[in-house]
Amino acid sequence: MSEKITVSLIKADVGSIAGHSRPHPKMMEVASLAMSKGVKDGLLLDYYVTRCGDDMELLMTHRNGENHKGVHEIAWNAFMDAAQEAKKMHLYAAGQDLLSDAFSGNVRGQGPGAAEMEFVERPTEPMLIFMADKCGPAAYSLPIAKIFMDPFTTTGLVIDPRAHLGYDIEVVDVIDHKKVIMSSPAEMYDILALIGDTTRFAVKRVLHRDIGIAAVVSTEKLNISAGKYVGKDDPVMMVRCQSGLPAVGEALQPFAFPQLVSGWMRGSHYGAWYPCAVDESDPTYHDGPPRVCSLGLQISNGKIQGIEPPNSPPGNHKPLDYFAGKEWDPVRNKAMEISIYMRGHGPFMPGIVSPEELEYTTRPDVLKKIESRMEPL
Ligand code: F6R
Ligand code: MG
Ligand code: MG
């Protein structure tokens, strides 16, 4: 039997420049150093450090399975080191997502978000990672529904006998911390009845009935784990592609629709999701608009292979940056048009999210202040 490989994508916002924009290169450097120590110690096979907006993303490959204490500790230490650098430079929100001083054995519930998958590596293993800024985990639900359930997006569901089997979708209730696995296409309408409510439900995993894990999303609700607002979740997703799974192009297609996602400024607005290159992911308009980046790579004997020379040392990879091309300009232009339109609502719904979803509020104070002046109608 082949040895299984685990791919872990762990992210956190531990400080940035000029507000909530971009981690300093020094922060990325010390995080890389912590990762390289993980390779030296034999816990990691390979890694790649990247970012989307103000969030740092640590992509790691190893053979230790999901939720491995040592692997999570490497990620935790990398974030701690980066936060330390941010603090030294007096950067903004330094250490924001690290909710405790000490590592407790798993980054989940401690602030960072994690998407991990374990599988037997196929002879060739293409993969996409998605990284988002200024939005919540349910942002991926609509693209997932299109990629894995919609034959008008993924023609493979109709004409590729392996994809034709359909997928199992794990849906989580992010408020009550419950999950259920449902089958598509048999239960497609039931699945949509749940995940259409992006305030409560999000897709965590997608499973192919023969091939196994196909996609995984980080669904931690940061504001709920912290008990108070400490930043949006800014989720990540990994999708295995090709040979019975969605083609890369099928997995990217839904992002040509700049859907409205909640988050953006103060985690409290609806903005159009803007696909862009990693280097273009600084939030430049009204702390946004909410961004999404997509990187393409191969997993090759447990290592990451991009366009760098074969057998390059760990940490030196160059994945494809799928949203960098000008093909995506029309989508970006449309996203900006929609986002500017949404801003026209100012502090009125649906420009802002519903009162329960607001990340900041003065409403209780205002209601208290005017209490004695409130009269029956
Ligand atoms: C949203 C985000 C920003 C901040 C905003 C106010 O996820 O990070 O839009 O909410 O810049 O930030 P503070 O409260 O730090 O002044
Ligand atoms: Mg942030
Ligand atoms: Mg962020």
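1. Let's start with a word you'll need throughout: a residue is buried when its relative accessible area is under 20%, exposed when that figure is over 50%, and partly exposed in between. By that yardstick, Asp13 is buried, and Asp54 is buried too. Keep in mind as you look around that this is a predicted model.

2. Those two aspartates are a good place to begin, since they hold a metal. The magnesium ion (ligand 2) has Asp13 and Asp54 as its protein donors, each through an OD atom, at 2.0 to 2.2 Å. Have a look at where they sit in the chain: Asp13 is in the loop between strand S1 (4–12) and helix H1 (25–40), while Asp54 is in the loop between strand S2 (46–52) and strand S3 (55–62). The two are 41 residues apart, and the pair links distant parts of the chain.

3. Now for the other magnesium ion. Which residues are the protein donors of the magnesium ion (ligand 3)? They are Asp54, Asp55, Asp133 and Asp234, again through OD atoms, lying 2.0 to 2.1 Å from the metal. If you like to see such a site as a pattern, the donor spacing in sequence reads D-D-x77-D-x100-D. Asp54 and Asp234 are 180 residues apart and also link distant parts of the chain, with Asp234 in the loop between helix H6 (222–226) and strand S10 (236–240). Like Asp54, Asp234 is buried.

4. Did you spot the name that came up twice? Asp54 bridges the magnesium ion (ligand 2) and the magnesium ion (ligand 3), and these ions lie 3.2 Å apart.

5. Next, ligand 1. There are ten residues around ligand 1, and the ones that come nearest are His20, Tyr92, Arg266, Asp287 and Tyr360. Some polar atom pairs are worth finding on screen. A polar side-chain atom of Tyr360 is 2.4 Å from an oxygen atom of ligand 1, and a polar side-chain atom of Tyr92 is 2.7 Å from an oxygen atom of the ligand. With Arg266, look at the backbone: one of its N or O atoms lies 3.0 Å from an oxygen atom of ligand 1.

6. How much of ligand 1 does the protein cover? On its own the ligand has 410 Å² of accessible area, and the protein covers 78% of that. Sorted by class, the shell around ligand 1 is made up of five nonpolar, two polar and three charged residues.

7. On to the inside of the protein. In soluble globular proteins, nonpolar side chains tend to be buried together. Here, the largest nonpolar core has 39 residues, and Phe130 and Phe148 have the most contacts inside it. Several elements give two or more residues to this core, including strand S5 (125–133), strand S6 (167–173), helix H5 (188–195), strand S8 (201–208) and helix H7 (248–252). Its largest share, five residues, comes from H3. There is also a second, separate core of 29 residues, with Val14, Leu58, Trp76 and Leu98 among them.

8. A few backbone oddities deserve a closer look. Most residues other than glycine have a negative phi, and most peptide bonds are trans. Against that background, the peptide bond from Ser184 to Pro185 is cis, with omega near 10°; Pro185 sits in the loop between strand S7 (178–184) and H5. The bond from Met349 to Pro350 is cis as well, with omega near 0°, and Pro350 belongs to the loop between helix H8 (329–343) and helix H9 (363–370).

9. Then there are the positive phi values. Asn67 is not a glycine, yet its phi is about 55°. You'll find Asn67 in the loop between S3 and helix H2 (69–88). Is Asn67 buried or exposed? Neither, quite: its relative accessibility is 36%, so Asn67 counts as partly exposed. Asp287 also has a positive phi, near 55°, without being a glycine. Remember that Asp287 is one of the residues that come nearest to ligand 1. Asp287 lies in the loop between strand S13 (274–275) and strand S14 (291–300), and it counts as partly exposed because its relative accessibility is 32%.

10. One last stop, on the outside. His177 is in the loop between S6 and S7. With a relative accessible area of 62%, His177 is exposed, because that figure is over the 50% cut-off. To get a feel for distances, find Lys303 too: the C-alpha atoms of His177 and Lys303 are separated by 33 Å, and the two residues are 126 residues apart along the chain.

Note on methods:
Residues numbered from 1 in each chain as written. Chains lettered and ligands numbered in written order. Predicted model: local features only at pLDDT ≥ 70, side-chain atom pairs only at ≥ 80, totals over all residues. Heavy atoms only, no water. Donors = N, O, S within 2.8 Å, 3.2 Å for Na, K, Ca; no water. Helix = DSSP H or I, 4+ residues; strand = E, 2+ residues; numbered from the N terminus. Buried < 20%, exposed > 50% of the residue type's maximum accessible area, 1.4 Å probe, protein only. Near = heavy atom within 4 Å. Polar contact = N/O pair within 3.5 Å; in protein donor to acceptor, adjacent residues only side chain to side chain. Areas by Shrake-Rupley, 256 points an atom, 1.4 Å probe, with all protein chains shown as cover. Nonpolar A, V, L, I, M, F, W, Y, C, P; charged D, E, K, R; others polar. Core = buried A, V, L, I, M, F, W, Y, C linked by side-chain atoms within 4.5 Å.
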